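Trainee: Could you take me through one helix packing in this model, slowly and closely? I would like to see how the two partners meet.

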Amino acid sequence: MPAAPQEVARAFVALADTLVSGFDVIDFLQHLSERCVELLEVDAAGILVTDQRGHLRFMAASSEQTRLLELFQLQDEQGPCLDCFHDGAAVHCADLGHQDAVRRWPRFAPEARHSGFAAVSALPMRLRTEVIGAMNLFRARPGAMASEQVELGQAMADIATIGLLQERAIRQNQILSEQLQGALNSRVVIEQAKGVLAERHDCSMQQAFTALRGHARDHNLRLTDLARALVSRSLDPAELDLLATRLTGDPPG
């Protein structure tokens, strides 16, 4: 019997709440896999997601048995989830014992049947042309999924996709913000170092910067590290002499 509209609505609201507050990827996908079992009338669900290198990785499963089967699929590099991910299209198998299924997945199909599953559907986790994973829906009895089940399952996969892409975007933005803040902090230190040199050697700020930059390049130093050492007065005296020589042209005495 298809899930009641009220149950579907409650599930989507709960998943949306998970995305908004305290978002945790593993918990979110684990909750999603469990809700798939409840709403889609399947016996198990598993989720595989691509890493930054394009390799599928296990992320969540509704049961330990399903987790092991998903790991087997990845290790053996064979199964509906991998086909779904590579093709970007849903893969349905109504009978894993059928010769077509065994021919297509000669190792996965028997393993899935040994784990108690007779049918499977893999739905792509896709946003436009970007495929980031696949969701496996296992059934204990052979038979095709109803069209309304497939549609709802794809909607669940789409939610997972949106959640993961949002998390990745937030993480990338945080990294970018940290990089920008680091650059701003470095700029402050460099300006301070320029001021120290300009005052000490009675030169312009541009001359001081040119000397700093040239010294850093010639001695394979990071400009920020050199500037920080100069400002904190921890720079080696020999380095100070070399900087002075760049500015005055006089050899160290």
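Mentor: Happily, and one term comes first: buried means under 20% relative accessible area, exposed over 50% and partly exposed in between, with a 1.4 Å probe and protein chains only. By that rule, 42% of the 253 residues in the chain are buried. This is a predicted model, in which local features need pLDDT of at least 70, side-chain atom pairs count only at pLDDT 80 or more, and totals for chains, interfaces and linings use all residues. Residues are numbered from 1 along each chain as its sequence is written, and side-chain values use heavy atoms, leaving out hydrogens and water.

The chain holds 10 helices and 5 strands, taken as DSSP runs (H or I, at least four residues, for helices; E, at least two, for strands) and numbered from the N terminus. Now to our pair. Helix α8 spans residues 205–218 and helix α10 residues 237–248; their axes come within 9 Å and cross at roughly 130 degrees. Axes here are lines fitted to C-alpha atoms, for helices over the stretch in contact, with angles from 0 to 180 degrees between N-to-C directions. That makes α8 oblique to α10, because angles under 35 degrees count as roughly parallel, over 145 as roughly antiparallel, 65 to 115 as roughly perpendicular and the rest as oblique.

Which residues meet? From α8 come Q207, A208, A211, L212, G214, H215 and D218, and from α10 E239, L242, L243, R246 and L247, where contact means heavy atoms within 4.5 Å. These contact residues divide into 6 nonpolar, 3 polar and 3 charged, with Ala, Val, Leu, Ile, Met, Phe, Trp, Tyr, Cys and Pro as nonpolar, Asp, Glu, Lys and Arg as charged, and the others, Gly among them, as polar.
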